[in-house]
Amino acid sequence: MAYTEEELKKELETKEYEYGFYTDIESDTFPKGLNEEIVVGISKKKEEPEWMTEWRLEAFRVWKEMEEPEWANVHYEKPNFQDISYYSAPNKKPKYNSLDEVDPELLETFKKLGISLDEQKKLAGVAVDIVMDSVSVATTFKKTLAEKGIIFCSISEAIQEHPELVKKYIGTVVPQKDNFYAALNSAVFSDGSFCYIPKGVRCPMELSTYFRINQAGTGQFERTLVIADEGSYVSYLEGCTAPSRDENQLHAAVVELIALDDAEIKYSTVQNWFPGDKEGKGGVFNFVTKRGLCEKNAKISWTQVETGSAVTWKYPSCVLKGDNSIGEFYSIAVTNNFQQADTGTKMIHLGKNTKSTIISKGISAGQSQNSYRGLVQVNSRAENARNFSQCDSLLMGNRCGAHTFPYIETKNKSAQIEHEATTSKIGEDQIFYCNQRGIDTEKAIALIVNGFSKEVLNKLPMEFAVEAQKLLEISLEGSVG
Amino acid sequence: MLEIKDLHASIEDKKILKGINLEVNPGEVHAIMGPNGSGKSTLASVIAGKEEFEIKKGSISLDGEDLEELAPEERAHNGIFMSFQYPVEIPGVSVTNFIKTAINESRKARGLEDMPANEMLKLIREKSELLEIDRKFLSRSLNEGFSGGEKKRNEIFQMAMMEPKLAILDETDSGLDIDALRIVANGVNKLRSKDNAIIVITHYQRLLEYIVPDYVHVLHDGKIVKSGSKELALELEEKGYDWLKQEAVL
């Protein structure tokens, strides 16, 4: 097999989206457009209490006055927000007691994704709450969790069953008016997950949610709220795939994490939404606001593997409010063909002796653009704050781009901040060396990419790490002829 | 085993090899010497199948099979191994993981299952002892931060693990101090057998004191200008390459 730079590029481009299919399930879809009526309609559809409807309306009114941000290093045709349908739910019975009751076609979809509930149930220690087009259709392992007092359900259910918790915490980390997309999400969020770990409880299993976008032209507005009460621990996994589609699909999720005193939250994401075809047509717009709040001695770790979406705008952040709190961000972002990613994190040091670590690995191929954007901010009262940041970029071919925008703002002289950055390229010499040892080019690229990403892959829970490794290979490799 | 006939090779239209003839049989060790720029490393790369080089004329075959159409990894599967003069770094990939992948890919090409973990472990233990390699070394990222000696020792370790039919050692002595040289040479000597062959490419005679060749060839301006026994290496050491250059002109 001959190998030249040119061929490597070709190979990288020929990998088509593997999970491109569309499930034909009847849906109850709202007409396109957004106004107060629609917002109230969504709330009504979900039988929400009045305070929730009011909260949504407040957000909508703020959003109307806001403008879409333009500072990110991405270029795309802005969505027409009046040309999107804001609610869609599988219109068959929304809740099931057992798998037998679930639409067989839906089960088939999960099978294609390799995440059938059957499999998931067998995977020891993983409880799955699957969100398919906005309404949760199945929740498992609820009983085991309930025995520990852990609440893990859809956010809609939480609004009904645990309004006091939702009311107390929703919007406290990401306020309605935080940014354009967060405001939009607050107004129209369809569903999402809710998790509460009581004081001193260590969640015995990895909690996971799979999100899917399924209805043509339906924006997906997920809302996730995770609350770890004092001294508790939870590891939360979120994995996403979506069917391939011509038109751009908007996704504007909000995730709020609250780690109270001495609590720890580990939040891991594998994102593989349709990135658009190799001409750059279609693909998901992923404009996500993720933020966590750490109280005293608390710790939040974000780990993400981003391989999908046409445009990504995402900065999982930590507000280190409590003394001695810790924030971590481990990220792998892969862009290929015409994908654009502007992703990174914000570490806001407010408390004393707060620590943060940022490890970001960007891999760019094709004609894609991959940007790391990060902010490390040390407040005047944050004595002895420490940060370590490392941003590494790996380039394949010479038509892609890697960019790093690290911002550091410190108002306290005792702060210690370190930043390291490297850029490297997969070289023909590396490939030849592998070839000479009997390793073909496709395998060689997988090996090099996995090595490059290892520090981050190691942070993922075991079962996720395997899936993530597979995704990296899918995203970057072509079938070598 | 290896048969090279009237081999001409170029890189970007620059002629480097201008008619090489060489036959290597099982059990033999051949040394290829020559001044800088004579084409020694190019010859190694062409045998291994590096794409940049274009064969303009002539042929290379291994056990009667023409190599020209084979990809580098296929040549490796057929038993060709090259110890690199400048081994590349692959960050995040441990020596163990790399060699495991290499061995299993070659096995796959031969229709075999992956090598069982305990067998692999045994092999690693055995070969790392042979080359006096510290076990901790095996968990380090491939060649990252390795000293010159460590890099070369790692190359020979891989050779020991892969048990090639034909090993080409490209300037394996460069960058080695005398102790490292002795360890590496000892390792190579222990791997010599009646079934495999080794081509040692070197600028200096020093390595050949430890790895004693059956034949010595002198390469100059893309051609083998003189072949002889191991004594030829000593003669070169004494007289330098200039007398051969003059001879070549005559």
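1. Let's start with helix α5(B), a run assigned by DSSP (H or I, at least four residues, numbered from the N terminus). In this predicted model, α5(B) has 15 residues and reaches 21 Å from its first C-alpha to its last, close to the 21 Å expected at 1.5 Å a residue. That expected span is 1.5 Å times one less than the number of residues.

2. How much of α5(B) is buried? 12 of its 15 residues are, so the helix is largely enclosed by the rest of the structure. Buried means under 20% relative accessible area (1.4 Å probe, protein chains only). Among the buried ones are Gly149(B), Asn154(B) and Phe157(B).

3. Now for its neighbour: α5(B) (residues 148–162) packs against α6(B) (residues 178–191) at about 10°, with the axes 10 Å apart. The two are therefore roughly parallel, a label for angles under 35 degrees. Axes here are lines fitted to C-alpha atoms over the stretch in contact, and angles run from 0 to 180 degrees between N-to-C directions.

4. Who touches whom in this pair? Lys152(B), Arg153(B), Ile156(B), Met159(B) and Ala160(B) of α5(B) meet Ile183(B), Val184(B), Val188(B) and Leu191(B) of α6(B), where contact means heavy atoms within 4.5 Å.

5. Just past the helix, have a look at Glu163(B): this residue follows α5(B) and has a positive phi, near 45°.

6. A note on conventions: residues are numbered from 1 along each chain as its sequence is written, and chains are lettered from A in the order in which they are written. Local features need pLDDT of at least 70, side-chain atom pairs count only at pLDDT 80 or more, and side-chain values use heavy atoms.

Key. Parallel < 35°, antiparallel > 145°, perpendicular 65-115°, else oblique. Buried < 20%, exposed > 50% of the residue type's maximum accessible area, 1.4 Å probe, protein only.
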